[in-house]
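Colleague: I am new to reading models like this one. Please take me through it, one question at a time.

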Amino acid sequence: MKKLGIMFVLLCLSFSSRQLIAADQITIDLARMFSRDIFELNGIPYLKPMVESINATSNSRFFNQAFIPSEVEKPYFKVGIHGMLGFVRDDQKTYKPTMPSQAFNFNDLAKYGTFQIDILHPENSIIIINDTAGLIYYALKTVVYRGIEQNRIPVPDKAATILGNRYTQFILNTMVLDSLVKEDLIFGYLPKGLQDTILTTISQFPTNFTLPQGGNINTMIAGVPQIEIGSLWGTELLIRFIPPVNLGENIGDFAFWGLGLKHSITQYFENPPLDLAVQGVYQGTHLKNKIGVTNSELTANATILNFNINASKNFKDIIEVYSGFSFEYIQINSEFKYYLPVEVQAQLGMLRYDPSIPIIYPPEPPEYPGDTDPQTAVIELNDNNFKWVIGLAKQVGPVRFFLDFNISKFNIFTGGIEYRF
């Protein structure tokens, strides 16, 4: 059945040769579909480690003591600068990439039209194709599947995540694709014009699809201003806010805000051995940036939640020890408007390429217009995390210094300074 897969597809195409569009356009359409599937298959494992680290980093620095007075004569304010420093693990820098491919299934052909095949009497077959380009791409994926299965098309073991640094390519040897197609017995019975169209399409198809190389990130550093206002019924209000600001080429336009409430538990007990509080924080971020030489556009909005229970103990006003356990959640909805990689555009003749230097020149309409038809992908990413925090704080008059270590699947140091008035 696997052998018959491409045979059926090519047989169908032989009945629809009048519907075929120009070979050059077929190749461009196939390259777009292949790039889209590369993005959709590998986008989540590529971005997931960053989501984990952002979750752990953003859900930090909410508390440095559990004590909250139950009654105050007037409101008090704590204004602080809070910093975070995390270290990327080696296993967060790579993932196993997936190349677009698909085993043939005759039932899948229904997606592209109506197929009633009479093998003994092909002239009696009924073929109505609704999506010619889609059908050809399906045929290509079945060929790639057989090539991978036979170890004739290699799939790299590792590729870089957004935190890593690794050069990885999917390589589709056109000679291998050519052989895989010709090995199907039905190919020799196809009309000469259709054979030439198929082989021309294969010869023009890009051979190299480079995966993102990653940002070579070893540490995560963040800082955020924070205001805490108390106290009403043993409850403090936390406010974080960063207005829309451009943070440079790597990050782009970024905005951040957060609101939280911390409530004292010890106020309900007489002479407790330590202070205890519960806290909930809701945060949001907005990011917009252009990425890479093709100016792909990324827009991402995140919702971040933290629920924690924290405790602290003051030792004779010399030092205060605090600790907490939290559940964290992040959800990121991102829209990625992307173009074909410049190397693919050059292989397709959409950009001018000088192999003697080598240089890929920018668009030069009308001969080399570049990719004028970007694709859009929507990706939803989420992550849960449990974290234990242990830290020390020192009060010097109205100023408080603090430092702690956060243990989770992404470990970080956090600390800061705040002024109370």
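Colleague: Which word fits Asp371, buried or exposed?

Modeller: First, this is a predicted model: local features need pLDDT of at least 70, side-chain atom pairs count only at pLDDT 80 or more, and totals for chains, interfaces and linings use all residues. Residues are numbered from 1 along each chain as its sequence is written, and side-chain values use heavy atoms, leaving out hydrogens and water. Buried means under 20% relative accessible area, exposed means over 50%, and partly exposed lies in between (1.4 Å probe, protein chains only). Asp371 has 9% relative accessibility, so Asp371 is buried.

Colleague: Which residue does Asp371 meet in a salt bridge?

Modeller: A salt bridge needs a side-chain nitrogen of Lys or Arg within 4 Å of a carboxyl oxygen of Asp or Glu. Here the distance from N to O is 2.6 Å. The partner is buried too, with a relative accessible area of 11%. The partner of Asp371 is Arg32.

Colleague: How many salt bridges are there in the whole structure?

Modeller: The pair of Arg32 and Asp371 is a salt bridge. A search of the whole structure gives a total of 15.

Colleague: What are the counts of helices and strands?

Modeller: Both are DSSP runs, numbered from the N terminus: helices are H or I with at least four residues, strands are E with at least two. The protein has six helices and 18 strands.

Colleague: In what order do the ten strands close into a barrel?

Modeller: Two strands pair if DSSP finds at least two bridges between them. In this barrel the pairing is antiparallel. The order is β1-β8-β9-β10-β11-β12-β13-β16-β17-β18.

Colleague: What does the twist average from one strand to the next?

Modeller: Axes are lines fitted to C-alpha atoms, for helices over the stretch in contact, and angles run from 0 to 180 degrees between N-to-C directions. From one strand of the barrel to the next, the twist averages 20 degrees.

Colleague: How many bridges join β11 to β12?

Modeller: The two strands run antiparallel. Leu287 stands opposite Ala300 in β12. The number of bridges joining β11 to β12 is 17.

Colleague: Which residue in β9 stands opposite Ile229?

Modeller: Strand β8 (residues 219-230) and strand β9 (residues 235-246) pair in the antiparallel sense over four bridges. The residue opposite Ile229 is Leu237.

Colleague: Why does the salt bridge of Glu320 with Arg400 tie together separate parts of the chain, and how many residues apart are they?

Modeller: The closest N and O atoms of Glu320 and Arg400 are 2.7 Å apart. Glu320 lies in strand β13 (residues 319-338) and Arg400 in strand β17 (residues 399-407), so the pair ties together parts whose separation in sequence is 80 residues.

Colleague: What is the relative accessible area of Arg400?

Modeller: Glu320 counts as buried at 4% relative accessibility. Arg400 is buried as well. Its relative accessible area is 3%.

Colleague: Which strand supplies the largest share of the nonpolar patch?

Modeller: Patches are made of residues with over 30% relative accessible area and no salt bridge; like charges are joined within 9 Å, nonpolar side chains (Val, Leu, Ile, Met, Phe, Trp, Tyr) within 5 Å. The nonpolar surface patch is about 810 Å², and its residues include Phe325, Phe386 and Trp388. β12 (296-315), β13 and β16 each give at least two residues. The largest share, three residues, comes from β16.

Colleague: What is the relative accessible area of Phe325?

Modeller: Phe325 sits in strand β13. It is partly exposed, and its relative accessible area is 46%.

Colleague: Which residue follows Ile357 across a cis peptide bond?

Modeller: For this bond, omega is about -20 degrees. The partner lies in the loop between β14 and β15. The residue joined to Ile357 is Pro358.

Colleague: What is the phi of Lys316?

Modeller: Lys316 lies in the loop between β12 and β13. It counts as exposed, at 76% relative accessibility. Its phi is positive, in a residue other than glycine, and is near 55 degrees.

Terms used:
Areas by Shrake-Rupley, 256 points an atom, 1.4 Å probe, with all protein chains shown as cover.
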